[in-house]
Amino acid sequence: MISAVQDLNDDKTQADAVDVALVQAYQRGNGNALTELYRRHGRRVESIARNIVGPSSELEDIVQDVFIELQRALYRFRGDARFTTWLHRIAVNVALQYLRRGRRKGFLRWVGIEKAETSQLHAGESRLEARDTCRQLYDILGKLPEKKLTVFALYELEGMSLDEIAAALGIGVNTVKSRLFHARKDVFETARLRGVLPPHALQVVR
Amino acid sequence: MSQQISQLPGCPGRDEWLQLLGDAHGTTDALTGRPDLTAHLEGCGACQDTVDDVRRYYGFLQRGRAPGLTQEQRLSLDERVRMLAGQWRAPPRVPARVGWAVSFAAATALVFLFVAPMLRSATDPDKQTFAQAVSAAQKGVQTAEVEGDVQFAGVDGHWRLLRAGDALRTGDKLRSLKLAGAPARVVVPGRFELTLTAGAELELLTVNPSLAFLRVRQGEVECQVDKLRPGQKFGVMFAGFRASVLGTRFTVTNREEAGVAVQVTDGAVRIDAADDPQAPPSETLTTVRAGHLWNFAAGRMSLEPTPVPTVQTEAAPTASTPPPASDAESADRPVKAKRPVQKEFVIEVPPQSMPMDDSAAPLPKAATPAKR
């Protein structure tokens with residue numbers, strides 16, 4: 001077990017070193033380094049963004065904007081923090097910007113799910129059911145204040161650790177815990193009030 | 001985030017189960033290593049229902065995760081990022097010397113843009129501090145030349161003979177002896193020159209290096225004002241009116257029998273109704289320009305293009321439409337101030353018609369400029 005954790009840490013350190021090397025290559029003028037950074041972290045950025053803004057038709061643009069912001073900021077990156085922490089912070093900020101804009105034009109937000117990949121649907125679930133569940137969840141999340149929503153989405157949906165969230169948002173771990181505690185209660189209460197937790201919804205949870 | 005549920009003999013609350021299972025991402029892994037909880041859960045139907053609810057909730061969260069991009073969208077995004085990477089060029093390195101030069105230039109520009117105006121505004125007489133205003137008032141202005149018999153009274157109220165070199169301060173009063181033959185003359189170099197006819201009396205409402213406001217109480221006072229520098233003001237109050245100098249030199253005359261008149265031979269004088277020299281400009285009654293005579297007598301106002309050196313009009317005062325006036329003293333006594341060379345204006349107010357209270361005496365409607 002210990003050796004496995006050690007290997008994992010080694011992998012992390014190695015990944016960080018690769019990231020730093022790519023950033024330095026980019027700073028020297030190698031544009032391909034950005035493409036490689038996208039290849040390595042694009043999915044994660046996309047995942048963070050979609051868990052904050054929901055199934056938005058603008059997801060593609062959000063990811064692109066994250067990498068545009070990253071491109072502008074890469075020149076200033078000095079390696080004081082982990083690259084992934086830095087990138088997550090950019091992703092969260094860009095996603096929140098879209099979210100604020102999206103709240104003003106919410107009718108556009110549900111277009112994306114129609115094009116969802118079939119593999120993303122849960123077993124035995126039709127596309128219509130998946131769309132309905134998704135809509136209900138993001139309806140509920142849409143009522144959350146932005147700070148609670150961000151923490152909740154990053155932890156419950158994205159699976160980031162408390163430390164990672166704290167670093168990405170630039171807040172303390174205890175603040176993350178507090179926001180998560182209240183967000184859980186709020187979302188649960190709203191879900192119950194809306195009746196989105198019928199008995200037959202019981203599923204095997206991992 | 002994991003918390004100990006201590007009251008196991010009692011049922012943990014729903015919020016506690018919510019947090020506990022949430023820390024394990026909605027799984028019952030949270031119960032691993034907690035035989036007390038496991039044992040409690042097995043024997044407690046209510047808690048089982050609660051945990052079921054919580055697990056459904058977390059299942060709902062998992063199923064509700066938003067779908068990601070389609071393959072088509074992802075390819076499109078790949079293409080865009082590749083283009084983005086290709087467009088990038090490393091910014092040129094700026095030599096350190098250039099950086100320092102730019103910083104120095106920016107700092108200099110900031111000083112000129114922000115600091116210098118602040119320093120200038122600090123010396124602006126209109127924005128001077130209270131302490132500066134007090135200091136300027138105490139300093140007053142220095143007379144350079146005094147001809148004839150002129151008395152002045154300071155804060156102590158004692159009348160003394162004014163001599164060259166004496167300072168005139170705010171609140172001082174000046175008067176010429178009634179039996180004096182020739183007019184008396186007081187010269188403040190670089191500022192103004194006052195000529196008081198016999199029996200004239202005036203009060204220095206404000207006198208400092210920037211401002212000079214006089215109130216002509218009685219008699220005839222001739223004022224010659226040197227060119228005003230930026231921030232300097234010179235004004236004469238008389239019988240509820242204020243004459244503000246827009247030029248350099250002027251004369252004010254106010255006579256009991258002739259009403260008020262302002263004659264301007266050079267430049268311009270603004271006339272408005274105000275009793276406070278520092279009051280903001282009220283609605284200007286008229287601006288008298290060079291070669292014009294403004295007259296207010298018997299409740300009527302007129303503006304003539306004919307220059308008249310000195311107003312000696314024998315206008316009979318009437319009380320039908322009283323003009324505004326500020327103090328009873330000026331209403332009882334003739335006041336005259338005159339200005340000889342560049343700008344002259346003469347103001348005459350019929351003293352009998354002066355109301356005692358300014359507030360009760362707005363300017364009459366008939367007091368609009370009209371050709372006489």
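These legends go with close-up views of side-chain contacts in a predicted model.

**View 1. Two rings bridge helices α2 and α3 of chain A.** Across all chains there are 7 aromatic pairs. Here, A:Y38 and A:F67 meet edge-to-face, with centres 5.1 Å apart and planes at 80 degrees. A:Y38 comes from helix α2 (residues 32–53) and A:F67 from helix α3 (residues 59–74), with their positions 29 residues apart in the chain. Both residues are buried.

**View 2. A:F77, A:F83 and A:W86 come together as one aromatic cluster.** Within it, A:F77 and A:F83 pair edge-to-face at 5.9 Å centre to centre, their planes at 90 degrees. A:F77 is buried at 8% relative accessible area, and A:F83 is buried too, at 2%.

**View 3. A salt bridge joins A:D16 to A:R82.** The closest N and O atoms sit 3.0 Å apart. A:D16 belongs to helix α1 (residues 2–27) and A:R82 to the loop between α3 and α4, so the contact ties together parts 66 residues apart in sequence. A:D16 counts as buried at 19%, while A:R82 is partly exposed at 34%.

**View 4. A:E146 reaches A:R100 through a salt bridge of 2.6 Å between the closest N and O atoms.** This one links helix α6 (residues 146–157) with helix α4, 46 residues apart. Both ends are partly exposed: A:E146 at 22% and A:R100 at 41%.

**View 5. Over in chain B, four charged residues form a salt-bridge network.** The members are B:E145, B:E147, B:R185 and B:E193. B:R185 and B:E193 meet at 2.7 Å, N to O, and B:E193 is buried at 17%.

How values were computed. Residues are numbered from 1 along each chain as its sequence is written. Chains are lettered from A and ligands numbered from 1 in the order in which they are written. This is a predicted model: local features need pLDDT of at least 70, side-chain atom pairs count only at pLDDT 80 or more; totals for chains, interfaces and linings use all residues. Side-chain values use heavy atoms; hydrogens and water are left out. Rings of Phe, Tyr and Trp (its six-membered ring) pair if their centres lie within 6.5 Å; planes under 30 degrees apart count as stacked, over 60 as edge-to-face and the rest as tilted. Helices (H or I, at least four residues) and strands (E, at least two) are DSSP runs, numbered from the N terminus. Buried means under 20% relative accessible area, exposed over 50%, partly exposed in between (1.4 Å probe, protein chains only). A salt bridge is a side-chain nitrogen of Lys or Arg within 4 Å of a carboxyl oxygen of Asp or Glu.
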